[in-house]
Amino acid sequence: MPPPRTRGTALRHRLAELRGPDVSAKALDARALAALAANPGCARRAILDGAGVNKAALASALGSPSAFGQSQFALTRGNAFEARVKADGGAELLRLVHEKLDPSAEPPAEARVPDLTATGPQGRTARTALELREATAHPGAWTLLDHPMLALDVAGSPAFLEPDAVVVHPDGSWTVVEIKSFPLLDGSADPAKVGAAARQAAVYVLALEEVAARLDPAPRVRHRILLVCPRDFSNLPAASAVDIRKQRAVTARQLTRLTRIEDIAETLPEGTCFSPELPADELTAAVESVPATYAPECLSACELAFHCRARSRETGAVTSLGRPVRAELGGLTTVADVLAAARGEAGDPDDPAVAALRRAAALRAEALEAACR
């Protein structure tokens, strides 16, 4: 008689059923986690990411292909720039870390660059933790971990993360390094891109803090990360120290608020599957069985954004107008409700949102009347 399955085994089996037969799980990365944390109320994204569903393939199968993601040119340029930054054992990268974050330490004339090769993500995670412990146990030297592997528990499911680099300082503290291909022009970069990089780095910092908490004494994980970008329009590296304490706090709070994946999975009908190989009507029904929380910000962060936007517009949901508008409208959840309230056909006149809408409608009518005179 086979032994009973544990809760974790049962969940993994259920998530495999949701992906479809013989479909490998698509691993969560820091970019996806940063986007997921920015919209923690979206059960659809939580279950699809938790099950490892390829949302780009899913969006194409639904007839709403995604334009989300980097171009092949950008990826090639980014990889070439990263290779240049890490050349010669990371000498230039360590020089920038020393200059921007730890100028009082000894200059990194020589540094350890341990081999992090191992089998599978679990093996690489264990190897990274071992090398971090070894570097911290022997202070006084610089250590560069090139593409380490970290693990972070997300809604009951492990996510394996791969930062560009982690540096161990001579005092034993740890720094996350983010290498991006967008330029630093006259010492500054696009604030939106810097913000996205900071949110991504915050995920790595949280994962590093979990590793540090298992050591005694726990080393310090620095909350100022190093952002390395091309200088102006060249391929020469420039760096900036970015304080990510705010992003780290927000991300930690949002991740703890995420609905647990097993709770969402339990609400789905038996046989639910998100395989792109399913007939279009069956696949659409499966996706629509999980509620989504669409906002315009999803367009730059989620492959299913076009599909969810179309559904949001079809139902007249005010979330398609943006979170600030939604917050101002209180209990009015559809555009039809908003228009009816503005015309005085529905809504409680004592409701501040209804009163504001009626006042705005009256002012608009007065302006139009004056313009027609």
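Leaving aside neighbours within four places in sequence, with which residues is Gly20 in contact? The legends below take up this question and others.

**Figure 1. Overview of the predicted chain.** This is a predicted model, in which local features need pLDDT of at least 70 and side-chain atom pairs count only at pLDDT 80 or more, while totals for chains, interfaces and linings use all residues. Residues are numbered from 1 along each chain as its sequence is written, and side-chain values use heavy atoms, with hydrogens and water left out. The chain holds 15 helices and 8 strands; helices (H or I, at least four residues) and strands (E, at least two) are DSSP runs numbered from the N terminus. The C-alpha trace spans about 80 × 70 × 40 Å along its principal axes. Of the 373 residues, 44% are buried, where buried means under 20% relative accessible area, exposed over 50%, and partly exposed in between (1.4 Å probe, protein chains only).

**Figure 2. Surroundings of Gly20.** Gly20 belongs to the loop between α1 (7–19) and α2 (30–38). With its neighbours within four places in sequence set aside, Gly20 is in contact with Cys273 and Ser275; contact means heavy atoms within 4.5 Å. Gly20 and Thr272 stand 252 residues apart in sequence, and their C-alpha atoms are 9.2 Å apart in space. Gly20 has a relative accessible area of 5% and is therefore buried.

**Figure 3. The open sheet and helix α5.** The sheet is built from 6 strands in the order β1-β2-β5-β6-β7-β8, with mixed pairing. Its edge strands, β1 (111–112) and β8 (237–243), each pair on one side only. Two strands pair if DSSP finds at least two bridges between them. Strands β5 (residues 165–168) and β6 (residues 174–179) are joined in the antiparallel sense over 4 bridges. Ala165 has Val177 in β6 as its bridge partner. Helix α5 (residues 72–85) packs on the sheet and touches β6, β7 (224–230) and β8, its direction making about 115 degrees with that of β7. Axes are lines fitted to C-alpha atoms, for helices over the stretch in contact, and angles run from 0 to 180 degrees between N-to-C directions.

**Figure 4. A nonpolar surface patch that includes Val335.** Leu321, Val325, Val335 and Leu339 make a nonpolar patch of about 300 Å² on the surface. Patches consist of residues with over 30% relative accessible area and no salt bridge; like charges are joined within 9 Å, and nonpolar side chains (Val, Leu, Ile, Met, Phe, Trp, Tyr) within 5 Å. A salt bridge is a side-chain nitrogen of Lys or Arg within 4 Å of a carboxyl oxygen of Asp or Glu. Accessible areas come from the Shrake-Rupley method with a 1.4 Å probe; for residues, only the protein chains shown count as cover. Val335 lies in helix α14 (residues 335–342) and is partly exposed, with a relative accessible area of 32%.
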